[in-house]
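Colleague: I'd like to learn how to read a structure like this one. Could we go through it feature by feature?

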Amino acid sequence: MASQQTTVLPAAEDEWRAAIEHAAGCLACRTPGTVCETGEALLAEYNAAVPQARSGDVG
């Protein structure tokens with residue numbers, strides 16, 4: 001499968017990919033009503049990267 005970056009926010013792609021890959025293999029992330037600290041941290045990193053990517057302040 002070829003690697004593709006999002007066209008809107010390519011700078012946030014790594015954070016998004018890390019969160020999704022973690023969630024795919026984490027039972028806690030896939031179970032409604034449970035909390036996974038790692039999953040929450042990865043999602044927080046993605047959420048922080050989005051405004052930076054939109055403002056162009058990447059790096």
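Colleague: Let's start with Leu43: is Leu43 buried, partly exposed or exposed?

Modeller: Buried means under 20% relative accessible area, exposed means over 50%, and partly exposed is in between (1.4 Å probe, protein chains only). Leu43 has a relative accessible area of 35%, so Leu43 is partly exposed. This is a predicted model, where local features need pLDDT of at least 70 and side-chain atom pairs count only at pLDDT 80 or more, while totals for chains, interfaces and linings use all residues. Residues are numbered from 1 along each chain as its sequence is written, and side-chain values use heavy atoms, leaving out hydrogens and water.

Colleague: Where is Leu43 found?

Modeller: Helices are DSSP runs of H or I with at least four residues, strands are E runs of at least two, and both are numbered from the N terminus. Leu43 sits in helix H3, which covers residues 37–55. The protein chain has 3 helices and 0 strands, giving the pattern α-α-α along the sequence.

Colleague: Which residues make the nonpolar surface patch?

Modeller: A patch takes residues with over 30% relative accessible area and no salt bridge; like charges are joined within 9 Å, and nonpolar side chains (Val, Leu, Ile, Met, Phe, Trp, Tyr) within 5 Å. Areas come from the Shrake-Rupley method with a 1.4 Å probe, and for residues only the protein chains shown count as cover. Here Trp16, Ile20 and Leu43 make a nonpolar patch of about 250 Å². Ile20 lies in helix H1, residues 13–25, and at 41% relative accessibility Ile20 is partly exposed. Ile20 is also 8.8 Å from Leu42, C-alpha to C-alpha, though 22 residues separate Ile20 and Leu42 in sequence.

Colleague: How many salt bridges does the count come to?

Modeller: The rule asks for a side-chain nitrogen of Lys or Arg within 4 Å of a carboxyl oxygen of Asp or Glu. That gives 1 salt bridge, where the side chains of Glu13 and Arg17 meet at 2.6 Å, N to O. Glu13 and Arg17 are 4 residues apart in helix H1, so about one helical turn separates them. As for their surroundings, Glu13 is buried at 7% relative accessibility, while Arg17 is partly exposed at 33%.

Colleague: And the cysteines: how many disulfides are counted?

Modeller: A disulfide needs a pair of cysteine sulfur atoms within 2.5 Å. The count here is 0 disulfides. For the sulfur of Cys26, the closest cysteine sulfur is in Cys36 at 3.6 Å, which is too far for a bond. Cys26 is buried at 12% relative accessibility, and Cys36 is buried at 13%.

Colleague: What share of the residues in the protein chain is buried?

Modeller: Buried residues make up 20% of the 59 residues in the protein chain.

Colleague: Last one: what average pLDDT does the protein chain have?

Modeller: pLDDT is the predictor's confidence in each residue, from 0 to 100. The protein chain averages 83, and 80% of the residues score at least 70. Among the elements, helix H2 (residues 27–30) has the highest mean pLDDT, 95, and H3 has the lowest, 90.

Colleague: So Leu43, where we started, belongs to the element with the lowest mean pLDDT.

Modeller: Yes, Leu43 is in H3, and the mean for H3 is 90.
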